[in-house]
Amino acid sequence: MSGAAILVGYGADVLVGDPRRHHPVAGFGQAAIAAERAAYAPTRSRGAVVVAGLVLGAAAAAQLLAELAAEPALAAVTWGTLGGRSLRCEALAVSDLAQREDLTGARERLRSLCGRDAAALDEVGLRRAVIESLAENTADAVVGALLWCAIAGPAGGAAYRAANTLDAMFGHRSERYRSFGWAAARLDDVMNWPVARMAGLLAVLLAPLVGGSPRAAVRAWRRDAPAHPSPNAGQIESAFAGALGVRLGGPLTYGGRFEERPVLAAGGRDPEAADVERAARLSALIGAAAALGCAALRHGVRR
């Protein structure tokens, strides 16, 4: 399987976006819901068994496709695991609603990007949430999919997207998932460790193309990422904040639970509508650079 197949899959996401019908991630999510209902218990061991079965099942299904048609399978899995175009469209849509002072509509639309409570967010708070979600999902839904497809082919890409989806479904700290979701959260942390740092490096290198400063991006990344509660999200969010010169982070609520997050790039200004557009452009640039780099990596893996 060659790197060209990764570029074909990436190109399909750029030109077409997510598959409109029978999206594999949506289908996997339904399977995960069914598995949880059948096997749930408030223990780490039960959660680990469910996660292992689902992730290995997704990888096996992708590998079966690869046995039948290697190049098309890699292109299809790459396309199916990416979400860059949809991410940018949703981010810009929320920002546009906020700019038109439709805060109710913007808060509702924000649900497509993240799970934080939006009821009390003002225009600046909405923009912060959008840019943070753009940053984190550029790593998760773009760089990660490309990198794992490059390293381990269709099975690797499918396993990565499965782990990432299960973390979003089960990996939070609610009473139901505190123990059951532990394995999902830890697996996602491990698989995203190289992803977040690759994405952060690309944000630094590409900052000048969106009017930003690599030096400011490195400074915010080094200073603020260690204080973030996530070992991975903090990497890319702080790099984005520094690259764009805007202040992100701070207090937020998830499911009614208050969290005091660190301020990222504290010397920056409040984000404006134009900064959301810059963040979307930076996300697109990171995706393009990651696609080229991962295609070259896949070529090297094959050799």
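1. Helix 2 and helix 7 are oblique to each other. This is a statement about a predicted model, as is everything below. The axes of the two helices, helix 2 being residues 24-39, cross at roughly 55° and come within 10 Å. An angle of this kind counts as oblique because it is neither under 35 degrees nor over 145, and it also falls outside the range of 65 to 115. The crossing of helix 2 and helix 7 is right-handed.

2. The residues that bring helix 2 and helix 7 together can be listed from each side. Helix 2 supplies Val-25, Phe-28, Gly-29, Ala-32, Ile-33 and Glu-36. Helix 7 meets them with Arg-161, Ala-162, Thr-165, Leu-166, Met-169 and Phe-170.

3. Helix 7 also crosses helix 10, which covers residues 233-244. Here the axes come within 8 Å, and the angle is roughly 125°. Helix 7 is therefore oblique to helix 10 as well. The crossing of helix 7 and helix 10 is right-handed. On the side of helix 7, the contact is made by Ile-131, Glu-132, Ala-135, Glu-136, Thr-138 and Ala-139. On the side of helix 10, the residues are Ala-233, Ile-236, Glu-237, Phe-240 and Leu-244.

4. Is Ser-133 of helix 7 buried or exposed? Ser-133 is buried, because its relative accessibility is 4% and the cut-off for buried is under 20%. The helix that holds Ser-133 spans residues 123-170. A polar atom of the Ser-133 side chain lies 2.9 Å from the backbone oxygen of Ala-129. Apart from neighbours within four places in sequence, Ser-133 is in contact with Leu-87, Leu-113, Cys-114 and Thr-138. Thr-138 has a second role in this note, as one of the helix 7 residues in the contact with helix 10.

5. The model also has a pair of strands to look at. Strand 1 (residues 248-254) and strand 2 (residues 257-264) run antiparallel and are joined by six bridges. Two residues lie between the strands, and the arrangement is a hairpin. Gly-255, in the turn, has a positive phi of about 55°.

6. Which residue of strand 2 stands opposite Thr-253? The residue is Phe-258. Pro-251 likewise has a partner across the pair, as it stands opposite Glu-260 in strand 2. As background, side chains in a regular strand alternate between the two faces of the sheet.

7. Positive phi values also turn up in residues other than glycine, and Glu-101 is one of them, with phi near 65°. Glu-101 sits in the loop between helix 5 (84-99) and helix 6 (103-109). With a relative accessible area of 66%, Glu-101 is exposed, because the cut-off for exposed is over 50%.

8. Ala-265 is not a glycine either, yet its phi is positive, at about 55°. The loop that contains Ala-265 runs between strand 2 and helix 11 (273-302). Ala-265 counts as buried, at 8% relative accessibility, whereas Glu-101 is exposed.

Notes: Residues numbered from 1 in each chain as written. Predicted model: local features only at pLDDT ≥ 70, side-chain atom pairs only at ≥ 80, totals over all residues. Heavy atoms only, no water. Pairing = 2+ DSSP bridges. Helix = DSSP H or I, 4+ residues; strand = E, 2+ residues; numbered from the N terminus. Buried < 20%, exposed > 50% of the residue type's maximum accessible area, 1.4 Å probe, protein only. Polar contact = N/O pair within 3.5 Å; in protein donor to acceptor, adjacent residues only side chain to side chain. Contact = heavy atoms within 4.5 Å. Axes fitted to C-alpha atoms, helices over the stretch in contact; angles between N-to-C directions. Left-handed = near helix turned anticlockwise from the far one by under 90°.
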